[in-house]
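Here are some notes to read alongside the model, set out as numbered points. They begin with a single side chain and move outwards to the helices and the chain as a whole.

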Amino acid sequence: MGTAFAIALVFLGCCSNVVSLELLVRDFPGCGNIVTFAQFLFIALEGFVFESNFGRKKPAIPIGNYVIMVTMFFTVSVINNYALNFNIAMPLHMIFRSGSLIANMILGIIILKKRYSASKYLSIALVSAGIFICTIMSAKQVNVDNKGSEDQGFYVFLHWLIGIAMLTFALLMSARMGIFQEMLYKQYGKHPKEALFYNHCLPLPGFLLLCTDIYNHSVLFSQSTPVKVPVVDVMVPIMWIYLLINVVTQYVCIRGVFILTTECTSLTVTLVVTLRKFLSLIFSIIYFQNPFTAWHWVGTAVVFVGTLLYTEVWSSVRAALRQPDAKEKKGE
């Protein structure tokens, strides 16, 4: 029951979150900072009440370690959302972030001196190739869509390259944060709810650096088309409604993943999150008619095959299929 409920939360919350983010970005491509701030504020307030007991509960992991983790988490969140300002389409954004497993593995080899099986190294090659194909095809799309003057086309392409560089940096920084978190959990034990709260609460002062941009977008949101909210019969600008949906669905998604980690193995969690990303991608392409060529589909397929290979889902399925046969032989 708990597992099915958690999976439903992940799919419902995360897919709805992608839709609401796409609706926000369509009208205001530079709204990443206000979206990030709203998500952090909501989760921090919820954690302050239910996890830290209004600040009375002492953290199990020292605050100094959380400060380091939070610096990385804040940087990753802001850069990922801010990259949307640089002509990065939502499908490419999602595909790029699907490389998180591989980035984590590469840094694990470099920092923790880990060694992996041949299938793991093959998965690295597949995911890297898939992201490379999608990135190259998106670069061509940027050039095709901007056939103005040569100078203007070069500027737009350079703008897009900055966005790609930002996504790459965020991917590696996210992997480094995962390794740091893994080391903390080994030392102090797992405290995911506590980590969720401090990861969203401690960075809030950092948004003061972005306050001008957040204020400007709040003004723009307030000037958007007003719609009537059925129950309370009040007119509210539609962008604020989209933002509220985005914040709530982000919380639902994160809570679903948290429940899943307590109910299932890490393999199952990874598989569910991977399938969720794939469905979100398909929905984004079909519903919002984002440009997606045959090569994009090839790249996407390669990324997800590589991810599934990394999680060893094929061997798990084969093992599950062999179990009934083994039982039958024992019965004989």
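1. Is Thr36 buried or exposed? The model is a predicted one, and in it Thr36 has a relative accessible area of 1%, which is under the 20% that marks a buried residue, so Thr36 is buried. Thr36 is found in helix 2, and, leaving aside residues up to four places away in sequence, it touches Ser77, Val78, Asn81 and Phe207.

2. The packing of helix 2 against helix 3 gives Thr36 its setting, since Thr36 is one of the helix 2 residues that make this contact. Helix 2 covers residues 32–50 and helix 3 covers residues 63–82, and the two pack with their axes 8 Å apart at an angle of about 140 degrees. Helix 2 and helix 3 are therefore oblique to each other, and helix 2 passes helix 3 in a right-handed crossing. On the helix 2 side the contact is made by Gly32, Asn33, Thr36 and Phe40, and on the helix 3 side by Phe73, Phe74, Ser77, Val78, Asn81 and Tyr82. By class, the residues of this contact divide into five nonpolar, five polar and no charged.

3. Helix 2 also packs against helix 9, which spans residues 211–222; here the axes come within 8 Å and cross at roughly 95 degrees. Helix 2 and helix 9 are therefore roughly perpendicular to each other. Asn33, Ile34 and Phe37 of helix 2 meet Asp213, Ile214, His217, Ser218 and Phe221 of helix 9 in this contact, whose residues comprise four nonpolar, three polar and one charged. Asn33 deserves a second look, as it takes part in the contact with helix 3 and also in the contact with helix 9.

4. Helix 3 has a further partner in helix 8, made up of residues 192–201, and the axes of the two come within 9 Å and cross at roughly 65 degrees. The crossing of helix 3 past helix 8 is right-handed. From helix 3 the contact draws on Ile63, Tyr66, Met69, Val70 and Phe73, while helix 8 contributes Glu194, Ala195, Tyr198, Asn199 and His200. Sorted by class, this contact has seven nonpolar, two polar and one charged residues. Phe73 of helix 3 appears in this contact and also in the one with helix 2.

5. Which residues does Ser280 touch, not counting those up to four places away in sequence? Ser280 lies in helix 11, which runs over residues 266–288, and its contacts on that count are Cys14, Cys15, Val18 and Met94. At 2% relative accessibility, Ser280 counts as buried. The pairing of Ser280 with Val19 can be checked on the display: the two are 261 residues apart in sequence, yet their C-alpha atoms are 8.1 Å apart in space.

6. For the protein as a whole, the secondary structure comes to 13 helices and two strands. Among contacts between residues at least 6 apart in sequence, 80% join residues at least 24 apart. Of the 332 residues in the protein, 44% are buried, and Thr36 and Ser280 are among the buried residues. The protein exposes about 17,500 Å², of which carbon and sulfur atoms supply 68%.

Methods: Residues numbered from 1 in each chain as written. Predicted model: local features only at pLDDT ≥ 70, side-chain atom pairs only at ≥ 80, totals over all residues. Heavy atoms only, no water. Axes fitted to C-alpha atoms, helices over the stretch in contact; angles between N-to-C directions. Helix = DSSP H or I, 4+ residues; strand = E, 2+ residues; numbered from the N terminus. Parallel < 35°, antiparallel > 145°, perpendicular 65-115°, else oblique. Left-handed = near helix turned anticlockwise from the far one by under 90°. Contact = heavy atoms within 4.5 Å. Nonpolar A, V, L, I, M, F, W, Y, C, P; charged D, E, K, R; others polar. Buried < 20%, exposed > 50% of the residue type's maximum accessible area, 1.4 Å probe, protein only. Areas by Shrake-Rupley, 256 points an atom, 1.4 Å probe, with all protein chains shown as cover.
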